[in-house]
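Q: Please give me a close look at a single part of this model, and then walk me out from there to its surroundings. I work at the bench, so plain language is welcome.

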Amino acid sequence: MDTLSRRRLLTYSAIAAGTGLAGCVGRIRESAGSPTDGEFPEPRYGDPDREYHLTATESEVTVAPDESHSDWTYDGEYPGPEIRAVEGERVRVAVENDLPEETTVHWHGLVLDGDNAMDGVPGVTQAAIEPGDEFVYEFDAEPAGTHWYHSHVGLQLDRELLGPLIIEEREPHVEYDSEFTLILDEHLLGEPRVVSSGGRGGGMGGMGGGFPDAPPAEGTLVNGLLPEEPATVDIEAGDRIRLRLINAAAAATYRVGIDNHELMVTHTDGPAVDPVAVDTLDIGMGERYDVIVEADSPGTWPIRVTPVDSSEPAGRALLAYEQSDGTVSEGKVGSRRLQLSDLIAVDSLETYRGTPDRTVDLTLSGGHMGGRGDEWTINGQAYPDSDPIYIEEGEHVRFRMLNRSPMRHPMHLHGHHFRVGDVLKDTVVVPGHMGQVTIDFVAENPGMWFFHCHHLYHMETGMAREVRYRHE
Ligand code: C2O
Ligand code: CU
C-alpha cells in the first residue's frame, strides 16, 4: 500500500474509532428527555445520531502535580469532555446544572441552521438553566471543523466551563495520520471579576486610562496543564499530525510555534483553507486554527504558547517522537507569522462578494474613550442598553468595524460564518489603534443572534449587540 492510501485508511479508521467512542459516551438517561413544561422546544427529529450528557458542577481542578483548586467544570473534567460528531449528524446534549447559579451552553462554531433556540444565550435564545434543572440541546453538526462549547452566562467561561466540540469532515482536503486537540487557556486563581486596568497590550499603561479588564492570570494552561508537567503529543517520525488549536482564554491572545517544526495551516474556525506554511500564528479568544505538523525532526520539542499582550508566563505542550528519550530540546522557531491575508478558502465565496444589501458601521470603543469608563461600547452603546442590529432574511450584510481603542477585539457572530478577506470565519480580531475589519455574511438563518467581543470582560461590560431578523 502506498503512503497516500495508508494515510487515507488511517484517517477513515480514526473516524470509525471516533464513532465507536461517541457511542459509549452517549450516556443520556432514559429519564433525561426533553423538559415537559412546554417552556422549551421539543427536539425536532426522532433519534439523534449522537447523545451526550454534561453536568456543570463544582469540582477540584488539578493543573500541576502539586497544584489544584476548586472550580466549575463539566463532569469534573477540565477541559470538559470532548463532544464529537461527523458533519451532518444530529447531536443531542442534555445539560444538567449542579452549580449554585444558573447556566447555559453555547456551541461556538456551529451555525445552528433553523435552531436559534439551541444557541445558549441567556435572555436572548433561552431562559438560563436554573440550579438543579436540565436543558436538552439538539442541533445539526454543521459546519465541520474544530469548534468548542462553553457557558454563556456572565463570567462563567473564566471558570472552567468549556470543552472541545469536534465535527469531522467526511472528506478532509488534506491528508494526515492522526490528530490532537490543544485547548489554550489562562490559569486564573480566585473568582473571575471585572477589574480596571491601564490596558493589557494597549501600550497605554501608566496613562491612567481605565478599561474594564480581566484580573491578571497566573500562567498559561494547555489542555488544563501548566508547563511543568505538560500535555504530550506523541508522534512517529514521518507522520503528519493534525493539531486542532482552540483559544478558550477569556482575555489572552496567544502566539503558537513549535521548535524546529513548520505549521501548515489548513483550517480556521472550521472551514478549510489552502494549506499555508508558517512558523507561528496568533490566535485570538474564541478563534480556532488547524495545522498539520510534519514529523521530520526527531526529539522532544516544546509547543510554545506565549501570551501576546502581557508578560504573563507562557504555556507549553510537548511534541514527543516515539524514539526520543524524553529530554526536551530547545530548537528554533522561525519568523514567518501567519497573516489573515495568507488564508484562502477552499470553497467558493462568491455568494459573500459583490455589493451588500445592507452595510452597518460599528465603532468599537470603551473606557474613558467612549463610555463611562467602566464599559466597552459598540457605537457608544453598552449592552444590554443598546439597540438591536436589524437585518432581513436573504440580505447580503456587511459589518464595517473600526476600533477606536488600543486593545484588540476578537469579534464573534453567532449563527453565521462570515467572509473576511478570502476566508470564512466566525471570530475575527479587530486590531487596536484604529484597526479596521470588514465582514460579509448572508442572512439565511432567521433568529436572534448574539454578536460580541470574545474578550469575556469586554462582552460582560457592554461590547455586544443582538442581531435580529426583522419579520415582515
Ligand atoms: Cu464563544 Cu457568544 O461565544
Ligand atoms: Cu474586546
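A: A polar contact here is a pair of N or O atoms within 3.5 Å; within protein, one must be able to donate a hydrogen and the other to accept it, and residues adjacent in sequence count only if both atoms are side-chain atoms. This is a predicted model, in which local features need pLDDT of at least 70 and side-chain atom pairs pLDDT 80 or more, while totals for chains, interfaces and linings use all residues. Residues are numbered from 1 along each chain as its sequence is written, chains are lettered from A and ligands numbered from 1 in the order written, and side-chain values use heavy atoms, without hydrogens or water.

Let's settle on His152. You will find His152 in the loop between β7 (145–151) and β8 (162–168), strands being DSSP runs (E, at least two residues) numbered from the N terminus. With a relative accessible area of 5%, His152 is buried (under 20%; exposed is over 50%, partly exposed in between, with a 1.4 Å probe and protein chains only). The side chain of His152 makes a polar contact of 3.4 Å with the side chain of His414. Another polar contact, also given as 3.4 Å, joins the side chains of His152 and His452. Both of these partners reappear among the residues that His152 touches (heavy atoms within 4.5 Å). Leaving out residues up to four places away in sequence, the other residues touched are Thr104, His106, Gly120, Val121, Pro122, Phe450 and Met459.

From His452, one step along the chain brings us to a metal site. The copper ion (ligand 2) has three protein donors, namely His409 through ND1, Cys453 through SG and His458 through ND1, at 2.0 to 2.1 Å (donors are N, O and S atoms within 2.8 Å of the metal, or 3.2 Å for Na, K and Ca; water is not among the atoms, so sites may look incomplete). The spacing of these donor residues in sequence is H-x43-C-x4-H. Distant parts of the chain are linked by the pair His409, in strand β26 (residues 409–413), and Cys453, in strand β31 (residues 448–453), which are 44 residues apart. Both His409 and Cys453 are buried.

Now for some backbone details. The loop between β7 and its predecessor β6 (134–140) holds Pro143, and the peptide bond joining Glu142 and Pro143 is cis, with omega about -10 degrees. A cis bond also runs from Tyr78 to Pro79, with omega near -10 degrees; Pro79 lies in the loop between β2 (67–74) and β3 (83–86). Most peptide bonds are trans, and most residues other than glycine have a negative phi. Leu112 has a positive phi, near 55 degrees. Leu112 sits in the loop between β5 (105–108) and β6 and is buried, at 2% relative accessibility. Asn260 likewise has a positive phi, near 60 degrees, in the loop between β15 (254–258) and β16 (263–268). Asn260 is partly exposed, with a relative accessible area of 33%.

Through β15 we reach a sheet. Five strands form this open, mixed sheet in the order β13-β21-β20-β15-β18 (two strands pair if DSSP finds at least two bridges between them). At its edges are β13 (232–235) and β18 (280–283), each pairing on one side only. Inside the sheet, β15 pairs with β20 (residues 300–307) in the antiparallel sense over 5 bridges. Arg255 has Thr306 in β20 as its bridge partner.

Methods
Helix = DSSP H or I, 4+ residues; strand = E, 2+ residues; numbered from the N terminus.
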